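Good morning. I will go through one model today, and I will keep to what can be read from its atoms.

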Amino acid sequence: MSRSQTVTDAIAGTQQPNAYSRRTVLRGLAATGSAAVALQGMSSRASAIEPSQQEQSNGLLSDPESFETFLDGVMNTQLEAHDIPGATVAVVDGDSTFTKGYGVRDVWTDAPVEAADTLFRIGSTSKLFAWTAVMQGFEAGRVDLESDINEYLDDITIPDTYDQPITLDHLATHTAGFEERARGTFVLNESDLRPLPTMLKNERPARVRPPGEFTAYSNYGAALAGYIAATTAGSSFSEYVEAEIFEPLGMDQSTFDQPVPDAIDGTLSKGYTTPNGRYQEGNFEYVGMAPAGSMSTTATDMARFVRAHLQGGATGQGRILESDSVATMHQRRFGNDDRLNGMCFGFYELSRKDVRIVGHAGDTEQFHSLVALLPEHGVGLFVSYNSPGGIEARDELLDALIDEYYPSEESTSQPDGEPTRVSDVTGTYRTLRSPYTTSEKLLGVQSNVTVSVDDQGRLVTTGPGGSTQWVEVNDLYFEAVDGWDALVFEETDGEITHLFFDSRPPSAYERLGASEQPATHAAIAGLSILVFLGAVLGWTATGLWRWYRGETRERPTSPLRHTRRIAGLTAVSYLGFVIGLAVVVLSDPQAALLGNPLPLQVVLLFPLLGALASVTTLVLTGFAWQRDVWSRLTRVQYTVVGLTGVIFALVLAYWNLLWYQV
């Protein structure tokens with residue numbers, strides 16, 4: 001749940017790298033351990049395998065030195081390859097736990113990452129604590145997973161948009177049918193934080209599809225579930241998690257509070273972005289809806305939470321769930337397609353081939369994390385990185401671990417050749433995790449996936465993570481040429497309607513019709529701007545020339561004498577909108593979307609004015625054609641400007657930019 005994804009991508013349901021080429025290198029280094037030797041100085045001193053329990057492990061950690069060599073090889077190479085200052089890792093295997101920090105938490109002081117004492121922001125991985133709290137409420141009989149969530153809400157009401165109500169099960173599987181929205185998920189400053197019920201009430205997204213149909217990742221849905229879990233127990237969310245999860249597990253270096261309170265004696269890692277290839281230290285990132293992603297924690301604390309989920313809800317320090325409840329949380333509950341990874345209760349499947357994995361990734365703009373559990377093997381992984389390179393690195397680490405310790409049998413060679421239904425499947429697909437009813441709708445464009453066929457006859461998808469080639473294995477089922485991913489197209493009444501990826505169970509994509517193509521809209525916008533610019537420059541130049549020559553233009557009778565002014569208002573209004581939007585958004589996109597909306601509200605008055613002027617121009621020009629006044633060329637000019645203004649208004653209306661909509 002990154003702010004960059006939410007503000008400028010929206011996102012992506014999830015951020016997906018295209019990193020298969022680097023994985024090959026990483027696996028080779030991990031196998032030989034050469035990276036650990038070459039880059040040994042980059043590892044922090046904070047590594048530990050619990051000695052009292054070490055001998056009981058018979059998996060990854062049965063040979064701790066070998067495992068550490070493997071992990072050092074991967075992690076140190078990643079820090080260099082992906083420009084990552086630091087990372088923290090925890091691995092649980094049976095009764096053994098391994099934790100270690102890598103690199104630095106501060107690039108200016110070279111302070112090392114310490115697994116037990118360095119806190120990282122874990123983004124949406126925080127949601128696992130909200131879902132654990134919900135399951136605790138279910139155990140205690142405070143909530144029912146299949147009941148209308150309005151039964152548990154007082155001041156917050158979810159509208160009855162559809163006949164079927166939203167349940168906690170819908171929220172946990174991200175199938176509630178909410179649209180996405182940026183505002184409220186993150187806020188700019190601590191002063192912008194509001195109590196959770198206030199945020200949930202004021203920033204409620206619209207219901208845009210019936211519940212239970214498709215997945216569409218929802219920060220709001222997770223925050224709402226965390227709120228229900230806490231309020232039904234008579235507590236605030238942060239207090240509830242502190243008392244019912246952190247304390248029983250001994251997680252004394254973890255908090256949902258923002259910023260990290262002084263009572264936490266560990267040190268928060270600084271977070272970085274890398275514009276222009278240089279580290280830029282970021283400010284503390286404030287999450288407007290805490291259960292969705294505000295948690296700060298250490299690898300050592302996360303190891304305790306992972307262990308509880310691997311060992312029936314309890315550790316040696318305390319119990320947070322019954323074993324049946326843990327099994328319920330890890331059980332598959334919904335899938336867009338039976339052949340692909342699906343949703344569990346809060347967790348989602350990350351399975352590779354025949355290795356079942358459940359977990360959850362988490363993103364802020366600066367930190368990128370992952371929890372991955374292998375329930376059948378009693379193994380769990382937590383990793384967090386303090387720069388955007390972690391988006392690729394976390395998946396590489398998981399793949400390297402699976403390849404090294406749980407390799408699958410060599411797969412049979414993939415079929416090749418052109419897909420059987422090229423014309424049916426190619427096109428543009430939009431993630432269902434998009435704004436639909438607000439002026440943020442345009443953000444969804446960056447998460448679109450384009451499907452095409454290359455000159456080799458292979459299917460190609462192009463999206464935020466780059467391009468991937470696919471070969472058809474069965475009708476409408478494809479596997480990645482390089483890697484483990486798969487995709488499926490859904491067909492309804494003979495038409496391809498949706499696209500699903502194995503690697504993105506919380507996301508589904510809908511095929512866009514001809515009238516919804518962003519490329520078409522962009523072309524219309526570009527041509528419209530040229531028409532408006534040409535009109536303004538042309539009419540200005542003509543007026544100046546006549547003034548210079550001392551000519552007096554014959555003015556038609558009312559109301560036609562106002563046509564040029566109104567047509568000019570059309571062009572100037574739309575050009576003012578384009579320039580104003582560029583200034584407001586490009587100067588500070590986060591402030592435009594998350595902060596004070598007034599500048600954006602003012603800018604979005606221009607297209608409404610332009611639309612009204614366009615219609616008026618067409619009406620007046622119609623009178624001119626009827627009365628046969630002016631020259632034919634003049635009438636054509638006004639007709640073109642008015643018609644272009646109306647078409648541009650329709651495009652802006654599609655994107656909810658004809659006026660400010662929230």
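Where is the place of Pro259? Pro259 sits in the loop between α9 and β7. I start there for its backbone: the peptide bond from Gln258 to Pro259 is cis, with omega near -5°. Before going further, please keep in mind that this is a predicted model.

That loop also holds Asp257. Helix α9 covers 237–249, and strand β7 covers 267–268. Asp257 belongs to a negative surface patch, together with Glu239, Glu242, Glu244 and Glu247. With a relative accessible area of 34%, Asp257 is partly exposed. A residue needs over 30% to be part of a patch, and Asp257, at 34%, meets that cut-off.

Now the chain as a whole. The protein chain has 19 helices and 23 strands. Of its 662 residues, 56% are buried. The exposed area of the chain is about 26700 Å², and carbon and sulfur atoms supply 51% of that area.

Next, the salt bridges. As general background, side chains of opposite charge can pair when their charged atoms come close. A search of the whole structure gives 18 salt bridges. I will take three pairs and one network.

The pair to begin with is Lys100 and Asp72, whose closest N and O atoms are 3.0 Å apart. This pair links distant parts of the chain: Lys100 is in strand β3, residues 96–106, and Asp72 is in helix α4, residues 64–81, with their positions 28 residues apart in the numbering. Are these two residues buried or exposed? Both Lys100 and Asp72 are buried.

Then there is Glu203 with Arg181, again a salt bridge, with the closest N and O atoms 3.0 Å apart. Here two loops are linked, and the partners are 22 residues apart: Glu203 is in the loop between α7 (196–202) and α8 (219–231), while Arg181 is in the loop between α6 (168–172) and β6 (186–187). Glu203 has a relative accessible area of 14% and is therefore buried. Arg181 is buried too, at 7%.

Glu516 and Arg430 make another salt bridge, with 3.6 Å between the closest N and O atoms. This pair links parts of the chain 86 residues apart: Glu516 is in the loop between β23 (509–511) and α14 (518–549), and Arg430 is in strand β16, residues 427–431. The two partners fall into separate classes of burial. Glu516 counts as partly exposed because its relative accessibility is 22%, whereas Arg430, at 10%, counts as buried. Apart from these pairs, Arg421, Asp424, Asp475 and Glu491 are joined into one network by salt bridges that share partners.

Let me move to the C-terminal helices. Which residues make the nonpolar surface patch? The patch is made by Leu598, Val602, Leu605 and Phe606, and its area is about 350 Å². Helix α17 (598–603) and helix α18 each supply at least two residues of this patch. Val602 lies in α17 and is partly exposed, with a relative accessible area of 39%.

Helix α18 runs over residues 605–627 and also contains Ser614. Ser614 has a relative accessible area of 0%, so this residue is buried. What does the side chain of Ser614 reach? The side chain reaches the backbone oxygen of Gly610, at 2.7 Å.

Past α18 comes Trp630, in the loop between α18 and α19 (632–654). The phi angle of Trp630 is near 60°, a positive value in a residue other than glycine. At 23% relative accessibility, Trp630 counts as partly exposed.

Asn276 is a further case of positive phi outside glycine, with a value near 60°. Asn276 lies in the loop between β8 (272–273) and β9 (280–281). Its relative accessible area is 79%, which means that Asn276 is exposed.

To close, three places to look at again on the screen. One is the cis peptide bond from Gln258 to Pro259. Another is the pair of Lys100 and Asp72, both buried. The last is Ser614, whose side chain reaches the backbone oxygen of Gly610. Thank you.

Definitions and conventions. Residues are numbered from 1 along each chain as its sequence is written. This is a predicted model: local features need pLDDT of at least 70, side-chain atom pairs count only at pLDDT 80 or more; totals for chains, interfaces and linings use all residues. Side-chain values use heavy atoms; hydrogens and water are left out. Patches are made of residues with over 30% relative accessible area and no salt bridge: like charges are joined within 9 Å, nonpolar side chains (Val, Leu, Ile, Met, Phe, Trp, Tyr) within 5 Å. Accessible areas come from the Shrake-Rupley method with a 1.4 Å probe; for residues, only the protein chains shown count as cover. A salt bridge is a side-chain nitrogen of Lys or Arg within 4 Å of a carboxyl oxygen of Asp or Glu. Lys and Arg count as positive and Asp and Glu as negative; His and the chain ends are not counted. The place of a charge is taken as NZ of Lys, CZ of Arg, CG of Asp or CD of Glu. Helices (H or I, at least four residues) and strands (E, at least two) are DSSP runs, numbered from the N terminus. Buried means under 20% relative accessible area, exposed over 50%, partly exposed in between (1.4 Å probe, protein chains only). A polar contact is a pair of N or O atoms within 3.5 Å; within protein, one must be able to donate a hydrogen and the other to accept it, and residues adjacent in sequence count only if both atoms are side-chain atoms.
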